[in-house]
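The exercises below are meant to be worked with the sequence and the coordinates side by side. Please attempt each task before reading its solution.

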Amino acid sequence: MKQKTSTVKPTLSYRLKKTVVGIALLALGGTFEKVSKHSAELKEEIKDWRKGIVISLGVLPKGPAISLKEENGTIRYLGRGYKNPDVKILFKNMDSAFIPFTAQMGSHIAFVQHRALVHGSVVDGIKANRAMAIVQAYLLPGIVFGKVFKVPPKLTLKQKLFKLYVYLTMGIDMALNAAK
Amino acid sequence: MLPEYYEFICPVKILSGLKALSNLPYELTLLGAKRPLIVTDKGVVRAGLLKLVMEAFSESDIEPGIVFDETPPDSGSAVVNKVAKLFKDNKCDSFVAVGGGSVIDTAKCANMIVVEGTNDLMKFQGVDRLEKDMKPFVVIPTTAGTGSEVTSAAVIYDEASHTKMAFTSSKLFPKAAILDPRMTMTMPAKISAATGMDALTHAAEAYYCLAKNPVSDGFAIAAIRLIFENLLTTVKEPKNKEARLAMLNASLLAGAAFSNSLVGVVHGIAHATGGVARVPHGVANSILLPFGMENNFKKVGPIIGELAPFMGMPPTGKPMKDAENAVAAVRKLGKQLKDASGLPTKLSEAGVTKEQLPEIAKAAINDGSCTINPEEITYEVALDILKKAF
């Protein structure tokens with residue numbers, strides 16, 4: 001029996017994964033902005049970015065996406081969707097996005113396993129990926145570091161306190177950013 | 001152990017053998033082509049290799065539209081646009097690349113411009129951005145190292161932004177690769193050595209880096225065995241047809257392996273060394289390979305050890321000892337090639353200065369290859385490898 005793909009309704013599993021990935025992206029966007037204002041390590045990383053570069057992170061074919069912009073050495077969360085990006089980091093499908101966004105796999109492995117790809121300058125994509133790893137250290141619980149990073153980061157006491165602050169304010173940030 | 005998920009693609013028809021070139025008109029006919037544009041360089045013409053290609057067209061229905069022989073070593077977007085314009089102006093219908101990596105990448109990118117109807121390569125940067133099928137494209141390699149005849153990638157210098165643009169797409173694969181040993185017999189000893197070590201680096205890194213898979217492993221092992229059995233012979237006996245054909249095959253096998261499994265820190269640093277200190281890619285890879293292998297001992301030592309038997313070192317039953325033996329075999333081959341051809345074994349011998357090392361390390365960590373390396377490559381780690389190789 002022939003069936004038009006447009007009439008195929010997404011499964012409950014797909015919709016759940018899409019929701020989880022959407023929330024994870026929202027959390028990542030806000031945390032990226034916050035960490036970029038406080039972390040010396042991330043500031044050092046962003047220093048080498050092209051001025052004003054817009055980077056989007058999204059899921060193909062029509063999954064959630066967010067956009068981030070370099071502004072004066074920090075990152076501004078532009079909101080959901082693709083906002084005229086210079087570089088896109090894309091996951092090929094929802095299953096491929098769900099695994100790294102639930103900390104079951106590092107983003108480097110997502111690239112290794114052809115689950116993610118870069119549209120635009122690969123060098124800019126690598127820089128963004130490295131910066132994202134710094135942000136993830138503040139976003140993810142330490143217990144999953146071994147799965148996500150090649151070398152698990154060791155946070156200082158000051159960094160741990162900042163991570164606590166990130167956790168405490170994440171709900172408010174996400175509520176504010178959800179409207180963007 | 002199987003990876004959780006992997007992909008592998010190599011849709012290139014391979015024609016390998018003495019006088020395989022004679023099949024060029026037949027292959028073009030199969031592809032529906034009658035008027036190819038031939039992309040090559042001055043070195044190929046001077047060596048008399050273009051003449052062999054043109055002779056293959058005699059008494060066939062194929063008439064080359066035009067020959068472009070001005071491809072520079074590091075081709076740029078201006079050259080690519082020029083080739084694409086020649087293609088249209090001369091009503092060509094296909095591409096034939098006769099040369100090494102730069103020639104092949106120029107043809108790949110010119111093909112992209114012709115098909116996509118634009119002269120702005122920038123918008124195709126990245127992975128899988130091409131949707132249209134390319135014009136028929138046949139490659140005749142004249143070096144045995146890059147493996148570009150079976151890769152889905154191309155790198156071109158952009159004069160406007162002063163950056164190298166990288167393109168990866170399954171559409172970029174040539175339709176056929178013709179391996180004819182006559183095409184590499186005039187290659188000077190040092191270039192034979194450097195390009196052969198480039199192929200070895202492709203195969204070794206494809207085998208032990210993070211994107212390894214059982215299909216590319218097979219290609220990588222076959223390449224390594226052929227390289228250890230034949231590379232030194234091609235350097236010492238340039239007219240040895242069997243060894244030359246074996247090295248062409250090794251380069252192709254290694255190319256198919258790394259086009260799918262990618263490469264690691266050796267390539268990351270070698271690309272940067274080329275950019276900063278103008279060291280030829282194969283020379284830089286040759287110098288850095290043993291240090292890159294050692295860098296990964298902690299994470300994948302036993303996997304590196306699996307390569308030792310294919311490098312002429314009998315297995316010891318101790319994985320880490322085998323890993324050390326594999327590195328020793330690579331160093332021994334490098335030393336033999338140095339004695340036979342003058343191939344450098346240290347960065348200082350290749351014209352790199354100590355002052356350039358930090359700049360190279362900084363550029364290296366932005367190379368995608370370092371992401372695929374098992375060990376994390378920070379600036380400090382890259383600098384440490386460079387200092388050891390200096």
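A salt bridge is taken here as a side-chain nitrogen of Lys or Arg within 4 Å of a carboxyl oxygen of Asp or Glu. By this rule the count over all chains comes to 23 salt bridges. This is a predicted model, in which local features need pLDDT of at least 70 and side-chain atom pairs count only at pLDDT 80 or more, while totals for chains, interfaces and linings use all residues. Residues are numbered from 1 along each chain as its sequence is written, chains are lettered from A and ligands numbered from 1 in the order in which they are written, and side-chain values use heavy atoms, with hydrogens and water left out.

**Exercise 1.** Determine which parts of chain A the salt bridge between A:Arg50 and A:Asp124 ties together.

Solution. Start with the distance: the closest N and O atoms of A:Arg50 and A:Asp124 are 2.6 Å apart. Next, place the partners, using helices (H or I, at least four residues) and strands (E, at least two) as DSSP runs numbered from the N terminus. A:Arg50 lies in the loop between helix 2 (40–46) and strand 1 (54–59) of chain A and A:Asp124 in helix 5 of chain A, so the pair links parts that are 74 residues apart in sequence. Finally, consider accessibility, where buried means under 20% relative accessible area, exposed over 50% and partly exposed in between (1.4 Å probe, protein chains only). A:Arg50 is partly exposed at 42%, whereas A:Asp124 is buried at 7%.

**Exercise 2.** Analyse the salt bridge between B:Asp339 and B:Lys335.

Solution. The N to O distance between these side chains is 3.0 Å. Both residues belong to helix 12 (residues 319–341) of chain B, where they are 4 residues apart, about one turn of the helix. B:Asp339 is exposed, with a relative accessible area of 56%, while B:Lys335 counts as partly exposed at 45%.

**Exercise 3.** Establish whether A:Lys163 is paired or unpaired with a side chain of opposite charge, and list its contacts.

Solution. First locate A:Lys163, which is in helix 7 (residues 157–178) of chain A. Then look for a partner, counting Lys and Arg as positive and Asp and Glu as negative, with His and the chain ends not counted. A:Lys163 is buried yet has no salt bridge, since the nearest side chain of opposite charge, A:Glu41, is 12 Å away. Last, take contact to mean heavy atoms within 4.5 Å; leaving out residues up to four places away in sequence, A:Lys163 touches A:Ala137, A:Tyr138, A:Leu140, A:Pro141, A:Gly142, A:Phe145 and A:Leu155.

**Exercise 4.** Describe the contact of B:Met112 with residues beyond four places in sequence.

Solution. B:Met112 lies in helix 5 (residues 101–116) of chain B and, at 0% relative accessibility, counts as buried. Its contacts are B:Leu121, B:Phe124, B:Leu130, B:Met134, B:Phe167 and B:Leu172, its neighbours within four places being set aside.

**Exercise 5.** Find the backbone features at A:Pro61, A:His114 and B:Glu59.

Solution. A cis peptide bond, with omega about 0°, joins A:Leu60 and A:Pro61, and A:Pro61 lies in the loop between strand 1 and strand 2 (65–71) of chain A. A:His114, although not a glycine, has a positive phi of about 60°; its place is the loop between helix 4 (107–112) and strand 5 (116–119) of chain A. B:Glu59, likewise a residue other than glycine, has a positive phi near 55°; B:Glu59 is in the loop between helix 3 (49–56) and strand 3 (66–68) of chain B, and at 87% relative accessibility it counts as exposed.
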